[in-house]
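Dear colleague,

I am passing on the structure we spoke about, with my reading of it below. Please look through the coordinates alongside the notes and tell me where you read them otherwise.

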Amino acid sequence: MRPTTRTNTLRQAASAVFAVTAIVPLMIFVWTLHHLDALGRLPAQVGLGLALGIALLGFHIFRRLMGRMSDLIVALG
């Protein structure tokens with residue numbers, strides 16, 4: 001049972017790192033748009049939506065990759 005716990009910890013740590021690296025730039029982008037009073041403009045909203053969509057897609061792909069790697073580690077161990 002120990003390897004399963006370790007791979008779950010690896011998955012959680014990887015998800016946390018990816019979430020921080022994806023969310024912090026998005027927060028800076030939103031802050032910049034707010035500071036420039038551009039949040040109400042359509043191009044800014046489209047850009048923000050695209051950035052969020054790409055971040056979520058990357059997170060999904062990264063989670064699947066980490067799941068496969070964790071399964072491989074368990075199989076090798």
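Ser 15 is found in helix 1 of what is, it should be said at once, a predicted model. With a relative accessible area of 11%, Ser 15 is buried, because the cut-off for that class is under 20%. If neighbours within four places in sequence are left aside, the residues in contact with Ser 15 are Phe 59, Phe 62 and Arg 63.

Two of those contacts lead on to the aromatic residues, since Phe 59 and Phe 62 form one aromatic cluster together with Phe 18. The structure holds two aromatic pairs. In one of them, the rings of Phe 18 and Phe 62 have their centres 5.0 Å apart and their planes at 15°, so this pair is stacked, the limit for stacking being planes under 30 degrees apart. Because Phe 18 belongs to helix 1 and Phe 62 to helix 2, the pair ties together parts that are 44 residues apart in sequence. Phe 62 itself counts as partly exposed, at 25% relative accessibility.

Towards the end of helix 1, which covers residues 2-35, there is Leu 33, and its relative accessibility of 9% is the reason why Leu 33 counts as buried. Not counting residues up to four places away in sequence, Leu 33 touches Ala 38, Leu 39 and Ala 44. Measuring from C-alpha to C-alpha in the model, one finds Leu 33 and Gln 45 at 9.3 Å from each other in space, while they are twelve residues apart in sequence.

The loop between helix 1 and helix 2 (42-76) contains Asp 37, which at 62% relative accessibility counts as exposed. What may deserve your attention is its backbone: the phi of Asp 37 is near 55°, a positive value in a residue other than glycine. As a general rule, most residues other than glycine have a negative phi.

On helix 2, finally, Leu 50 has its place, and at 53% relative accessibility Leu 50 counts as exposed, because the class begins over 50%. Leu 50 is one of four residues, the others being Leu 42, Val 46 and Ile 54, that form a nonpolar patch on the surface, with about 420 Å² of accessible area together.

With kind regards

Terms used. Residues numbered from 1 in each chain as written. Predicted model: local features only at pLDDT ≥ 70, side-chain atom pairs only at ≥ 80, totals over all residues. Heavy atoms only, no water. Helix = DSSP H or I, 4+ residues; strand = E, 2+ residues; numbered from the N terminus. Buried < 20%, exposed > 50% of the residue type's maximum accessible area, 1.4 Å probe, protein only. Contact = heavy atoms within 4.5 Å. Patch = residues over 30% accessible without salt bridge, like charges linked within 9 Å, V, L, I, M, F, W, Y side chains within 5 Å. Areas by Shrake-Rupley, 256 points an atom, 1.4 Å probe, with all protein chains shown as cover. Salt bridge = Lys/Arg side-chain N within 4 Å of Asp/Glu carboxyl O. Phe/Tyr/Trp six-rings, centres within 6.5 Å; stacked < 30°, edge-to-face > 60°.
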